[in-house]
Amino acid sequence: MNAAPLFTPAQRDPARSFQDMILTLHDFWSQHGSCVILQPYDMRMGAGTFHTATTLRALGPEPWNAAFVQPCRRPTDGRYGENPNRLQHYYQYQVILKPSPPDIQELYLKSLGAIGIDPLAHDIRFVEDDWESPTLGAWGLGWEVWCDGMEVTQFTYFQQMGGFDCKPVAGELTYGLERLAMYIQGVDNVYDLAFNSSGVSYGEVFLENERQMSKWNFEVADTDALFDLFAKAEAECRNALAAGVPIAAYEQAVEASHVFNLLQARGVISVQERASYMGRVRDLARSSCEAYATKMTPEWEAKYPGWSLV
Amino acid sequence: MADFLLELRCEEIPARMQPKAKEDLARLFGDALAKAGLQAASLETFATPRRLALIAKDLPLATLAVSEETKGPKVGAPPQALEGFLRKVGLSAEQLVERDGVYFAVVEKPGRDTAEVLAEAIPAIIRAFPWPKSMRWGAGSITTESLRWVRPLSGIIALLDGAVVPCEVDGIASGRSTMGHRFHHSGPVEIADAGTYIETLRAAHVIVHFSERCRIIRDGAAKVAAEAGLTLVADEGLVFENAGLTEWPVPLLGRFDETFLDVPPEVIQLTARVNQKYFVCEDASGKLANAFVCTANIDAIDPAVVVDGNRKVLAARLSDARFFWEQDQKTSLGEHAKKLERITFHEKLGTVADKVERVAKLAEWLASEGIVPNCDPALARQAAELCKADLVTEMVGEFPELQGLMGGYYAAKEGLPQEVSDAIRDHYKPVGQGDDVPHAPVTVAVSLADKLDTLTQFYKIGQVPTGSKDPFALRRAALAIIQLLSGNGLRLPLRQTIGVELIAPLFAKVRVFGENERVVAQSMIAKFRDFMVDPASAELQIRDAEFTELLKEMVPEARRRKAVVEELLDFFADRLKVQQREAGVRHDLIDAVFALGGEDDLVRLLARVHALQAFVSTEDGTNLLAGYKRAANILKKEDWRGIEGEIALTGEEDPLAMVDDPELAPVIAAKMADRHAAASTRSYTPEPAEQALISALETAGPAVRSAIEDEDFDHAMRVLASLREPIDTFFENVTVNDADANKRAARLALLAAFRDAVHRVADFSRIEG
């Protein structure tokens, strides 16, 4: 005989709670698309695409379905908490489905329905938007998804990653969580979002954080230390590559990329230098992806006879 | 006869690709039919975001039977020949047909079912489809061999006379099922046959005709605007784009906060158009109204909800625009311009600030020389110095297409003179053949200077357009210069102007030199004297040996650049021909005038070309041209090198070309004069027709010269017309190739004189007909 459960989750209320919206997306993707629900990568990064669950797992023949929230850091987008929709720290919800299932669009639309967007009440559109990340040696075709004219999701079929053809192709969905929540909750200011159903607002959680971090990003961060960090991350990436641990190398590339973004926010990188720094970051990221793919290839080839990296 | 329907259903096709995809489908399908010997009475194609379709009417149900006949050996030919032939055609001897003593192999090819032809053609068309960008997807993409399509392909309908034409591509089998509108219809839609396709889908909320969706958007948007008492700002590009984004378009009007109207209307329109694909509206007075029209893809439960969502998005965009507008004005254009020092114009050509300084110098010069009349040199310089400043503003960073316009607005807000703000706004004009040509003097000076600088600088570093490649839009720049000059009747010595920019800077750096080597320096730079901004600066003096070395480096570079000047003038000639061809001017006439060399004033050149075109279309013109060609042919046939033959033999037309020392010029001139004098004394009495031509030329020669000096080209043509009768009579009555060598020489010289007189107007040998 089963004991009565000690805890029954409450009904989710995605239209009135930011965290319920996230939990609903977790519920949805956990059931549909057999995703593993991951936690955020524990590093500072500019976009969910940098999570190894996306970049590195997009490589190789093995099926992979994952969903996770990734905090994104965009130092130059900070506005000291004074702009209603610009933040230096915000959340993306990322789903990666490899190979892309035939009903991926329907699944995605159902997930919107699950968080309260009725496609006969709101005008949902798939508008051409191809994605390219020279940093990751990656590109894909897809759309930005519009809800009543607002871009709420980036939808991409990865064609290449780390300079290699994706075999098979993964479908990637990136939801802008704050934007979606503002839309669903009907608020004009991100800080007015209800974080939960018990009266805690997004502002209570993050406003002070935005103020202090904007100040640090733009005014305080020690630039010598940042330059030093960049150089160290670059060196460590090379070190890890030489030692045959490309995942560790990739982490250092992510680190270097973020430090570069901080240097940009501090305004200490000239236009001419900018291209050179970007080239260095690109070189680290691509080398790491390449090394990872090369290292894994024997295993992949053994499991998938006939499959080849190039 | 039967009708055929093909539908290729996939995930959302980019709007911009749909019109071309329709054309490609029609072409590929038409080719496949033609290859099989089939033809449809009509082919119609359709595109929506989710499908590409085609209906072919009245297709035969089978291809025609054909009888293929191959000619073989003669009856009685050696057996090896016959055996070889039988092997080739795969028949036995009894199956051959004998006709007129020759064997023929006749193979009857029965007709094929059209369905069979189509079943083969459809997969081939899909695989060969030329999408501008295509992709792989799904489980099949584990190899790179998998099918590529613009977005994942999900279904194929192929119905001939209502029956499925069975075929398969990459695991997708043809059938009769499709999908209706993504949200207004659920479950598959079964299509009975081609004839009911459009209406069946309409019932499922899909308007298959691209043009019908365009009409709904165009008319619907105008209607909702009118209902609000406004006028829609028509925009066919937006109509097309929205038609490519919807299967069931519903235009809706919304309002935005009136206070945004402080931002320039162009900014609002662009924000709405580029970011959101919205139309904008004007009020009764023609001013931009605080309204937008978006196109939904659904009949929304409550359209107000959709409109409100779109309003919020637009408001956020307009807030950004207003932020940029206000932010940019906190800094003066002059301050903004300083940031141009950090922007590379081209790696070999320095920064944008460097370019701005060159343009400012040139614009000032164009004004102070009076090349652009009534233009204040100080204003020209000021406008040029600020003309690129808006490139570093936030607004232009966001909307590059507002360059110029924003600078104009900011200059006006700053209270700069209107000539300056107008010049900043319009200095990119004219952009292309149909664009307005500026007339305001300061604008003209800056626009001309900007384009002349771009052209000469890229030519200087050898970045010239080749074939279809013109990455720096130099052809457009040259065309704009031509338009500016001819549209304003400006007298610009193009060769000198280009030379000033290219060559003068080489010598500008060196000014103070010693006396002793002055003469050497002068002779070295004499050839480039025309290109000095200030001819006095050409009075170079050399101080020491170090400078001599420097000069030695500079002179070859100057010589190279002088060649670049000529190259650039040829480029102008080509552009002029292209531009004038559209205005109906014959390119051979432009060639004929250019061939004279030395003409670099495009306005004067065009006046001459126009007069020439009028003249050659008259009877006098045609006959004179005939007389000219006859004379030229005789001179050529007789290999007449003229009395200057010795010098001409060097291959150089300019007798001074091989001489570095300009002091020799008078010596050579004197020598030439002697020769001419000797030639003009005749040893015999000319025949009457010959004398008539001599007299006519004696009058016409100076008359043509002075008419041309006065730039009265019509008069020059009339003078030429007076030569027509004497030259005709001369050819009728006088034998050029006389047995008497003196007579022959004199008459050839006379023909040469006639040719030369004509050449003062144009090189008639270049004229066709």
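Reader: How many helices and strands does chain B have, and what makes a run count as one?
Author: Chain B has 28 helices and 18 strands. They are DSSP runs numbered from the N terminus: H or I of at least four residues for a helix, E of at least two for a strand. This is a predicted model, in which local features need pLDDT of at least 70, side-chain atom pairs count only at pLDDT 80 or more, and totals for chains, interfaces and linings use all residues. Residues are numbered from 1 along each chain as its sequence is written, while chains are lettered from A and ligands numbered from 1 in the order in which they are written.

Reader: Why is helix H13 of chain B called mostly covered?
Author: A residue is buried if 20 or more other C-beta atoms, placed from the backbone, lie within 10 Å of its own (exposed: 12 or fewer; partly exposed: in between). Seven of the ten residues in H13(B), residues 405–414, are buried, so the helix is called mostly covered. Among them are Leu405(B), Met406(B) and Tyr410(B).

Reader: What do the buried residues of H13(B) pack against?
Author: Their partners in chain B include helix H7 (265–276), helix H8 (303–329) and helix H14 (418–426). Just after H13(B), Gly415(B) has a positive phi of about 85 degrees.

Reader: What makes residues of chain A and chain B count as in contact, and how many do?
Author: Two residues are in contact if their C-beta atoms, placed from the backbone, lie within 7 Å. On that basis, 32 residues of chain A are in contact with 34 residues of chain B. Strand S4 (124–128) of chain A gives the most to its side, with four residues.
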